[in-house]
Amino acid sequence: MDIDIHRVVEGFGMNRVSEIKEFTSGLINRSYYVRSGGGDEFVLQRINKEIFEEPEKLMLNILIINDELRKIEDYRVPEILLTTERQPLYTDAEGHDWRVMRHIPNSMTYDATEDLTIGAEVGRIIGKFHCGTVNCDLNSMHVTLPNFHGLDFRVEWFLQSLQKANHARLTSAHESIPEVEQLIEYFSSVDHLELPTRVTHNDTKLNNVLFDRSSGKALCLIDLDTIMPGHIFHDFGDAVRTLCNAVQEGDPNLEAVEFQHRLFVEFLQGYVSQTGGLLTDKEWDSLPLSIEYMPFIMAVRFLTDYLFGDRYYKVDFPDQNLIRCQNQLKFISELRRKRDEIKQSIEAARKAFS
Ligand code: GN1
Ligand code: MG
């Protein structure tokens with residue numbers, strides 16, 4: 001593996017490398033930290049082609065939004081390196097595509113937090129991302145993963161997985177399956193909300209927000225593969241899904257899964273301080289549902305993958321996808337207990353900022 005990687009970094013013009021190590025987070029791509037002989041730091045990633053069938057399109061989307069985001073204040077755009085042939089992707093001998101971004105020094109991410117300032121910063125930077133990309137030409141961008149967060153699409157795969165699953169996995173999932181089936185009914189109108197199409201990130205997990213270690217300020221969103229035309233509904237819900245859960249999405253300690261309401265309020269204020277004037281009435285109306293929808297869609301996806309035998313998400317042990325699903329289902333039940341409070345907070349922010 002290492003030999004290949006050296007060849008890849010040479011493709012990006014780096015002939016002397018002093019350190020390479022693999023990052024363990026991320027469920028889809030392989031990512032590496034690379035330090036060049038001169039001490040510069042980079043993030044090297046191999047794009048998973050089974051999922052992103054046309055990596056060039058995804059890179060075009062990133063280049064388009066970067067051009068816009070560079071214009072806004074207080075938003076750091078990680079530089080994308082070109083290959084020696086001046087391309088954003090390097091294709092290795094096995095046909096895998098790689099890309100390199102400059103690592104921002106003194107930066108870090110969080111996997112879980114209780115810190116209210118972090119909550120506000122996550123909201124602020126996602127808001128900046130949505131506002132900063134409003135002038136992107138949506139027609140020149142590619143829908144790289146059609147229906148990525150769509151209900152009908154995900155349900156179709158779930159139904160197929162029920163047919164394909166082996167007896168042991170169906171038995172282990174016997175409590176989660178009916179729970180998911182009930183929620184499918186509950187969310188049945190979600191594909192028809194008629195929300196405006198905007199540039200969205202589509203994977204706004206807490207650990208996709210990069211922070212400056214010293215100032216504690218959020219710098220930018222990272223992991224830009226899923227950027228495409230979409231709905232704020234999904235980005236808002238996905239951020240709350242990960243930020244406001246007291247534990248990480250795969251934590252097996254279901255007792256500890258909890259909705260952190262004060263953190264949510266900080267996030268909300270940070271977010272609407274940027275986007276209050278941008279959001280349409282339909283978008284405001286959709287926010288409470290978005291918070292319940294995103295953990296649900298992840299629950300469906302994790303369960304589907306479990307029933308298919310772990311074909312999509314990386315797993316470290318056999319029941320990991322089922323545990324991830326259960327964690328999301330528990331989070332939804334916590335959200336439902338606090339539904340009225342959540343709605344009140346959103347209405348208060350709407351009055352203050354729209
Ligand atoms: C995947 O690879 P990673 O961890 O950035 C997934 C997201 C899910 C996430 C769950 C392309 O993202 O949609 O939210 O796992 N990305 C893709 O942690 O499917
Ligand atoms: Mg991602």
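Visitor: About how many helical turns separate phenylalanine 267 and tyrosine 271 in helix α8?

Guide: Residues count from 1 along each chain as its sequence is written, with chains lettered from A and ligands numbered from 1 in written order. The model is predicted: local features need pLDDT of at least 70, side-chain atom pairs count only at pLDDT 80 or more, and totals for chains, interfaces and linings use all residues, while side-chain values use heavy atoms, without hydrogens or water. Helices (DSSP runs of H or I, at least four residues) and strands (E, at least two) are numbered from the N terminus. Phenylalanine 267 and tyrosine 271 are 4 residues apart in α8, so the separation is about one helical turn.

Visitor: What is the geometry of the pair formed by phenylalanine 236 and phenylalanine 264?

Guide: The whole structure holds 17 aromatic pairs (Phe, Tyr or six-membered Trp rings with centres within 6.5 Å; planes under 30 degrees apart are stacked, over 60 edge-to-face, the rest tilted). Here the centres are 6.4 Å apart and the planes meet at 85 degrees, so the pair is edge-to-face.

Visitor: Which helices hold phenylalanine 236 and phenylalanine 264?

Guide: The two residues are 28 apart in sequence, so their pair ties together distant parts of the chain. Phenylalanine 236 is in residues 232-243 and phenylalanine 264 in residues 261-275, which are helices α7 and α8.

Visitor: Is phenylalanine 264 buried or exposed?

Guide: Buried means under 20% relative accessible area, exposed over 50%, and partly exposed in between (1.4 Å probe, protein chains only). Phenylalanine 236 has 1%. Phenylalanine 264 has 0%, so it counts as buried.

Visitor: How are the rings of phenylalanine 267 and tyrosine 271 arranged?

Guide: Both residues are buried, phenylalanine 267 at 0% and tyrosine 271 at 1%. Their ring centres lie 6.2 Å apart, and with 10 degrees between the planes the pair is stacked.

Visitor: Which residues coordinate the magnesium ion?

Guide: Donors are N, O or S atoms within 2.8 Å of the metal (3.2 Å for Na, K and Ca), and water is absent, so sites may look incomplete. At ligand 2, the OD donors sit at 2.0 to 2.1 Å and belong to Asp203 and Asp223.

Visitor: How many residues apart in sequence are the parts tied together by aspartate 203 and aspartate 223?

Guide: Aspartate 203 is buried at 16%, whereas aspartate 223 is partly exposed at 23%. Aspartate 203 lies in the loop between β7 and β8, and aspartate 223 in the loop between β9 and β10, so the parts joined are apart by 20 residues.

Visitor: How far is an oxygen atom of ligand 1 from an N or O atom in the side chain of glutamate 249?

Guide: The side chain of aspartate 203 has an N or O atom 2.9 Å from an oxygen of ligand 1. For a polar side-chain atom of aspartate 223, the distance to a ligand 1 oxygen is 2.8 Å. For glutamate 249, the distance is 2.4 Å.

Visitor: How many residues of strand β2 are buried?

Guide: Strands pair if DSSP finds at least two bridges between them. β1 (residues 17-22) runs antiparallel to β2 over 5 bridges, and β3 (residues 41-47) pairs with β2, also antiparallel, over 6. β2 is largely enclosed by the rest of the structure, because the buried count in residues 30-36 is 5 of the 7.

Visitor: Which residue in the turn between β2 and β3 has a positive phi?

Guide: Tyrosine 32 stands opposite leucine 44 in β3. The two strands form a hairpin with 4 residues between them. A phi of about 95 degrees belongs to glycine 39.

Technical notes. A polar contact is a pair of N or O atoms within 3.5 Å; within protein, one must be able to donate a hydrogen and the other to accept it, and residues adjacent in sequence count only if both atoms are side-chain atoms.
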